[in-house]
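Here are my notes for you to read with the model open beside you. Take the points one at a time and find each residue on screen as you go.

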Amino acid sequence: MKILPLNKWIPGLTHPLIMAGPCSAESESQVLQTAHQLSTIPSVRIFRAGIWKPRTRPNSFEGMGETALPWLEKVREQTNLLTATEVASAKHVELALKHHVDVLWIGARTTTSPFAVQEIADAVKGTNVAVFVKNPINPELALWMGALERINNAGITKMAAIHRGFSFYEKNKFRNPPVWSIPIELKHRIPQLPIITDPSHICGTREFLQDISQQALDLDFEGVMLESHPNPDHALSDAAQQVTPARLKEIIDSLLLRTAVSGDRQFEMELEHLRRQIDTIDNEIIDTLKNRMTIVEKIAQAKMKSKVTALQLGRMDEMMKKRIDAAATIGLDTTYIEELYQVIHSASVKKQTDMMNPKQ
Ligand code: PEP
Ligand code: MN
């Protein structure tokens with residue numbers, strides 16, 4: 001995938017890229033006031049504002065639509081910021097381009113729909129606009145990659161992916177809990193693709209914005225998107241998660257910048273030493289898993305002889321409880337152990353069913 005590095009097209013870029021602005025453009029004065037305040041923060045390079053708002057339920061504020069586009073043009077003229085808005089159809093793209101919006105982003109709900117993404121891809125073909133793609137609502141890498149590929153196939157090279165967390169049925173302290181392994185895997189597959197984290201939509205409240213922003217930087221992602229409103233409590237959408245430009249500056253100033261490589265020889269040696277220990281332990285874990293699997297095979301033989309099913313829920317619950325208790329006793333995170341044992345246990349069940357039903 002040919003992708004232009006951010007510093008080739010974002011003037012004055014420093015690491016990390018901060019993209020900030022209100023969830024929604026509400027009025028010309030709100031847009032201009034926010035943009036002028038944000039433009040005094042040097043790392044803020046892109047001004048975001050939603051114009052067409054995809055709302056989960058009807059009767060919520062659905063954005064100012066076309067009326068708001070000239071306000072974004074004024075932001076471009078009056079500040080040093082690039083502008084960005086969400087598009088969900090060819091019509092949105094056409095209107096946004098007419099008003100010189102620099103960055104279009106595809107929202108999480110739209111990324112889930114290949115038809116809509118293809119329509120957007122066809123509409124941006126032959127233009128020089130930048131397109132950022134948010135992860136789909138559901139934790140599926142293929143859908144995210146598919147949308148990125150459709151846009152790239154249309155000849156767009158100014159691109160980035162945005163991690164805004166995923167939607168789960170279970171209640172969580174986050175509105176859209178992050179699943180870092182997914183953007184990390186995306187980075188492995190497309191190393192030249194910049195990744196931006198959207199702490200506002202991950203958190204849903206102001207409380208953890210700083211933590212999530214820091215976590216994104218610690219993962220060496222390229223930027224952060226944060227929602228900012230002059231009067232957050234009265235915002236027409238996403239009021240609970242927006243912060244004033246002044247608070248946004250505090251959050252940005254508090255972020256620690258760590259580098260992926262260090263020039264410090266002592267540190268490099270220490271890290272190398274620790275990594276060798278990790279390698280050794282991981283090899284031991286793999287040997288132990290092999291031993292465990294050998295016993296699983298013996299269990300399968302015994303079950304086959306006695307005509308007993310591979311999966312026995314009672315045993316699974318009991319085993320899981322024992323492992324979680326053991327982890328808690330020695331101070332290991334119990335969710336980590338529970339998730340790990342779910343994987344280990346399902347591999348065991350699969351082994352047993354495969355043995356019971358050998359392929360012809
Ligand atoms: C937004 O950025 O305002 C937005 C609607 O985000 P998402 O698509 O991540 O829900
Ligand atoms: Mn929002």
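**Notes on the predicted model**

1. Let's begin with the whole thing. Of the 360 residues of the protein, 45% count as buried. Keep in mind that this is a predicted model. You can pick out 13 helices and eight strands, and the C-alpha trace spans about 75 × 50 × 40 Å along its principal axes. If you take contacts between residues at least 6 apart in sequence, 72% of them join residues at least 24 apart.

2. Now look for the greasy inside. The largest nonpolar core has 67 residues, and Val 44, Phe 47, Ile 151, Leu 186 and Leu 248 have the most contacts inside it. Helix H6, residues 141–153, gives the most to this core, with six residues. There is also a second, separate core of 16 residues, which includes Ile 46, Trp 105, Ala 160 and Ile 196.

3. Click on Leu 248 next. What does Leu 248 touch, once you leave aside its neighbours within four places in sequence? Its contacts are Ala 20, Leu 38, Ile 41, Val 44, Leu 226, Ser 228 and Val 243.

4. Ala 20, one of those contacts of Leu 248, sits in strand S1, residues 17–21. Ala 20 counts as buried because its relative accessibility is 0%, and the cut-off for buried is under 20%. Skipping neighbours within four places in sequence, Ala 20 is in contact with Leu 38, Val 44, Ile 46, Phe 47, Arg 48, Leu 226 and Leu 248. Try checking a distance here too: Ala 20 and Ala 84 are 64 residues apart in sequence, with 9.4 Å between their C-alphas in space.

5. On to the strands, starting with S3 (residues 82–86) and S4. These two run parallel and are joined by three bridges, and Glu 86 stands opposite Trp 105 in S4. To get from S3 to S4, the chain goes through helix H3 (residues 90–98), and this β-α-β crossover is right-handed. Which way do the residues of S4 point? Val 103 and Trp 105 go one way and Leu 104 and Ile 106 the other, and all are buried.

6. Strand S4 (residues 103–106) also pairs with S5 in the parallel sense, over four bridges. Two opposite pairs help you line them up: Trp 105 stands opposite Phe 132 in S5, and Ile 106 stands opposite Val 133 in S5.

7. How many residues of strand S5 (residues 130–134) are buried? Five of its five are, so to speak, under cover. Ala 130, Phe 132 and Lys 134 point one way from S5, while Val 131 and Val 133 point the other way. On to the next partner: S5 and S6 (residues 159–163) pair in the parallel sense over four bridges, with Val 131 opposite Met 159 in S6. The chain crosses from S5 through H6 to S6, and this β-α-β crossover is right-handed.

8. Lys 134 deserves its own stop. Why does this lysine in strand S5 count as buried? The reason is that Lys 134 has 5% relative accessibility, against a cut-off of under 20%. The side chains of Lys 134 and Asp 198 are joined by a polar contact of 2.6 Å. Beyond its neighbours within four places in sequence, Lys 134 is in contact with several residues, including Trp 105, Thr 111, Trp 144, Arg 164, His 201 and Met 225.

9. Gln 241 is another polar residue to visit, in the loop between strand S8 (223–227) and helix H10 (245–254). Gln 241 counts as buried because its relative accessibility is 1%. Its side chain makes a polar contact of 2.7 Å with the side chain of Arg 175 and one of 3.0 Å with the side chain of Asp 238. Not counting residues up to four places away in sequence, Gln 241 touches Ser 200, His 201, Gly 204 and Glu 227, among others.

10. Finish with helix H13 (residues 334–356). H13 has 23 residues and reaches 32 Å from first C-alpha to last, close to the 33 Å expected at 1.5 Å a residue. Its buried residues are Ile 337, Tyr 341, Ile 344, His 345, Ser 348, Val 349 and Gln 352. An α-helix has 3.6 residues a turn, so residues three or four places apart point the same way. The buried residues of H13 pack against helix H11 (265–306) and helix H12 (313–329).

Note on methods:
Residues are numbered from 1 along each chain as its sequence is written. Chains are lettered from A and ligands numbered from 1 in the order in which they are written. This is a predicted model: local features need pLDDT of at least 70, side-chain atom pairs count only at pLDDT 80 or more; totals for chains, interfaces and linings use all residues. Side-chain values use heavy atoms; hydrogens and water are left out. A nonpolar core is a set of buried Ala, Val, Leu, Ile, Met, Phe, Trp, Tyr and Cys residues joined through side-chain atoms within 4.5 Å. Buried means under 20% relative accessible area, exposed over 50%, partly exposed in between (1.4 Å probe, protein chains only). Contact means heavy atoms within 4.5 Å. Two strands pair if DSSP finds at least two bridges between them. A crossover is right-handed if, with the strands pointing away from the viewer, the path from the first strand over the helix to the second runs clockwise. The expected span of a helix is 1.5 Å times one less than its number of residues. A polar contact is a pair of N or O atoms within 3.5 Å; within protein, one must be able to donate a hydrogen and the other to accept it, and residues adjacent in sequence count only if both atoms are side-chain atoms.
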